[in-house]
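Trainee: I've got the sequence and the 3D model open side by side. Could we walk through how the pieces fit together?

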Amino acid sequence: MKIVFITGLSFFMSLVSWLTPKQEETKIPLCHTSGNDMSAMAADPAFQRLHEAPLPFTYTGAGEMVKFSTPDGQSANGFLLKAKKPSDKWLLVYQEWWGLNDNIKQQSETFYNDLKDVNVLAVDMYDGKVATEPAEAGKLMQAANKDRIGSIMKGAIAYAGPKAEFASVGWCFGGMLSLQSAILEGKQAKGCVMYYGRPEQDVEKLKTLETDVLGIFGSQDKGITPESVKMFEENMGKAGEKVTVKMYDAGHGFANPSNPVYNKEAAADAYKLALSYLKGKLKA
């Protein structure tokens, strides 16, 4: 398997802002009004229909589950593939809205095998919970507390240590988290890959980025639309930041082989692009 789908404390308000849903049941609410929240987005049946239940898969590869402290006084989990040689290079992997499932573990191992001397940590954003059906995933996303999510991300960054050099990658829900992680990483950030995740549109927040961004999107995506991606490009320009966007003729979740909308050709090309970017950024 080459690709798996998945997308500060205030970032969730940006993640979950959607326009008022149109009456057509097949249309999902788009980005940008502040009236709706994450719960409304995750509960919307049209949004859920963009995420068909993943095909069953059991991961049997390398790696181990680890725990790390979080700033809120709790602990969090991650799936770690440790570099064979001591290394300060880290790839943070952010899950789809399903949770840290076996597909994400396998994708983490794929990156691990294709990168050199890089620690790969897939961060568990749901504290051990994993969904197998869209409605279930919607409930988990609705229940995700923005403060807790921010604390988990900060805990993962601290776990790697002050000398760590970070790149991040994520899909859908995790795609947005990958971008927010890069913001939180500050000067330790070296690269950021986001697959069809909700772009941050706050120019002031984007100005704090210390890395460029590789954005991978689908022109047929009814959730993260080409229009919202174009706005993201414009806002990154206003912030004086660099973003490279690759738009595939594909729908939401096209890079996940367990998803019925999987596009093998686009997924393979996107992975090649992401891997090349990460190798360059991490010198791996």
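Mentor: Sure, and keep in mind that this is a predicted model. Let's start with helix H7, which lies across S3, S5, S6 and S7.

Trainee: At about what angle does H7 run to S5?

Mentor: H7 lies across four strands, S5 among them. Angles over 145 degrees count as roughly antiparallel, and H7 runs to S5 at about 160°.

Trainee: Which strands sit at the edges of the sheet?

Mentor: Eight strands form an open sheet with mixed pairing, in the order S1-S2-S4-S3-S5-S6-S7-S8. The twist from one strand to the next averages 20°. An edge strand pairs on one side only, and that description fits S1 (64-69) and S8 (243-248).

Trainee: Is strand S6 largely enclosed or exposed?

Mentor: Strand S6 covers residues 189-195. S6 pairs with S5 (residues 165-171) in the parallel sense, over six bridges. Buried means under 20% relative accessible area. Six of the seven residues of S6 are buried, so the rest of the structure leaves S6 largely enclosed.

Trainee: Which residue in S6 stands opposite Gly170?

Mentor: S5 and S6 are paired in the parallel sense. Opposite Gly170, in S6, you'll find Met194.

Trainee: And what is the bridge partner of Gly215 in S8?

Mentor: Here you want S7 (residues 213-218) and S8, which also pair in the parallel sense over six bridges. Look in S8 for the partner of Gly215, and you land on Val245.

Trainee: Where is Cys172 found, and is Cys172 buried or exposed?

Mentor: Cys172 has a phi near 55°, a positive value in a residue other than glycine. Cys172 is found in the loop between S5 and H7. Because its relative accessibility is 1%, Cys172 counts as buried.

Trainee: Lys283 has a positive phi too, near 50°. Is Lys283 buried or exposed?

Mentor: Lys283 is in the segment after H10. The cut-off for exposed is over 50%. At 69% relative accessibility, Lys283 therefore counts as exposed.

Trainee: Back to H7: what separates the C-alpha atoms of Gly175 and Tyr196?

Mentor: Gly175 has its place in helix H7, and at 0% relative accessibility Gly175 counts as buried. Gly175 and Tyr196 are 21 residues apart along the chain, yet their C-alpha atoms are separated by 6.1 Å.

Trainee: How does H6 cross H7, and which residues in H7 does H6 meet?

Mentor: The axes of H6 (residues 146-160) and H7 (residues 173-185) come within 10 Å and cross at roughly 60°. That angle is why H6 counts as oblique to H7. H6 passes H7 in a right-handed crossing. Ile149, Gly150, Met153, Lys154 and Ile157 in H6 meet, in H7, Leu177, Gln180, Ser181, Leu184 and Glu185.

Trainee: What classes do the residues of that contact of H6 with H7 divide into?

Mentor: The contact takes in residues such as Ile149 in H6 and Leu184 in H7. By class, the contact of H6 with H7 divides into five nonpolar, three polar and two charged.

Trainee: At what angle do H4 and H10 pack, and which residues in H10 meet H4?

Mentor: H4 (residues 102-114) lies across several strands, including S2, to which H4 runs at about 50°. H4 and H10 (residues 264-282) have axes 11 Å apart and pack at an angle of about 55°, which means H4 is oblique to H10. Their crossing is right-handed. Gln107, Thr110, Phe111 and Asp114 in H4 meet, in H10, Tyr271, Leu275, Leu278 and Lys279.

Conventions:
Residues numbered from 1 in each chain as written. Predicted model: local features only at pLDDT ≥ 70, side-chain atom pairs only at ≥ 80, totals over all residues. Heavy atoms only, no water. Axes fitted to C-alpha atoms, helices over the stretch in contact; angles between N-to-C directions. Helix = DSSP H or I, 4+ residues; strand = E, 2+ residues; numbered from the N terminus. Parallel < 35°, antiparallel > 145°, perpendicular 65-115°, else oblique. Left-handed = near helix turned anticlockwise from the far one by under 90°. Contact = heavy atoms within 4.5 Å. Nonpolar A, V, L, I, M, F, W, Y, C, P; charged D, E, K, R; others polar. Buried < 20%, exposed > 50% of the residue type's maximum accessible area, 1.4 Å probe, protein only. Pairing = 2+ DSSP bridges.
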